[in-house]
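Proteins can hold empty spaces, and it is worth learning how to look for them. Take a moment with the sequence and the 3D view below before reading on.

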Amino acid sequence: MKYNLFADQPWLPMDPNGHASRHLLAFDDGENGYTLNYLKADPKCAANIHKHPHKQFVYILKGSGNFQCGDEFKTLKAGDTVQIDSNVMHGFVSFDENCEWLEFFTPHREDFAPEK
């Protein structure tokens, strides 16, 4: 069992103004690797539209935000989930209120590896 393995990892900024940040919850870089982050964002900030080779799953814990995935736009709110396939452009266009969510990636995100 691995209990709170990454509890000592710092919150890291996801935007240059510090209005969104992430905290690593789980990471495995093995054959079936994964990354799990807990994120928070302030109202009115946005996340850059981007893509990556990882499959991603998002679960909204609190708040709401306007999300783009490919050509689709949705308002996501607490309890909503979204699965994003590999190499699909996506991101939060804006947040209507303070928002918190979990995001899971497979395979692991090397750029989100724990700090040593």
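This report walks through the largest cavity and the largest pocket. Please keep in mind that the model is predicted.

**The cavity**

Let's start with the enclosed space. How many cavities of 30 Å³ or more does a search of the whole structure find? The search finds 1, and the largest cavity holds about 50 Å³ of space. To locate the largest cavity in the 3D view, pick out the residues lining it: Gln-9, Pro-10, Leu-12, Arg-22, His-23, Leu-24, Phe-112, Ala-113, Pro-114 and Glu-115. Strand E2, which covers residues 20-28, gives the largest share of this lining, with 3 residues.

**The pocket**

Now turn to the open space. The largest pocket has a volume of about 370 Å³. Its lining is made up of 23 residues, and those nearest the centre are Met-14, Leu-39, Ala-47, Asn-48 and His-50. Which strand gives the most to the lining of the largest pocket? That is E8, with 4 residues. At least two lining residues come from each of strands E3 (34-41), E4 (55-62), E8 (90-95) and E9 (99-106).

**The linings by class**

Here is how the residues of each lining divide.

| Lining | Nonpolar | Polar | Charged |
|---|---|---|---|
| Largest cavity | 6 residues | 2 residues | 2 residues |
| Largest pocket | 14 residues | 5 residues | 4 residues |

Try colouring the 3D view by residue class: around the largest pocket, look for the 14 nonpolar residues, and around the largest cavity, look for the 6 nonpolar ones.

How values were computed:
Residues are numbered from 1 along each chain as its sequence is written. This is a predicted model: local features need pLDDT of at least 70, side-chain atom pairs count only at pLDDT 80 or more; totals for chains, interfaces and linings use all residues. Side-chain values use heavy atoms; hydrogens and water are left out. On a 1 Å grid over the protein atoms alone, a cavity is a set of points where a 1.4 Å probe fits but cannot get out, and a pocket is an open set with protein on both sides within 12 Å along at least five of seven lines; lining residues have an atom within 4 Å of a point. Grid points are joined across faces, edges and corners, and a volume is the space filled by probe spheres set on the points. Ala, Val, Leu, Ile, Met, Phe, Trp, Tyr, Cys and Pro count as nonpolar, Asp, Glu, Lys and Arg as charged, and the others, Gly among them, as polar.
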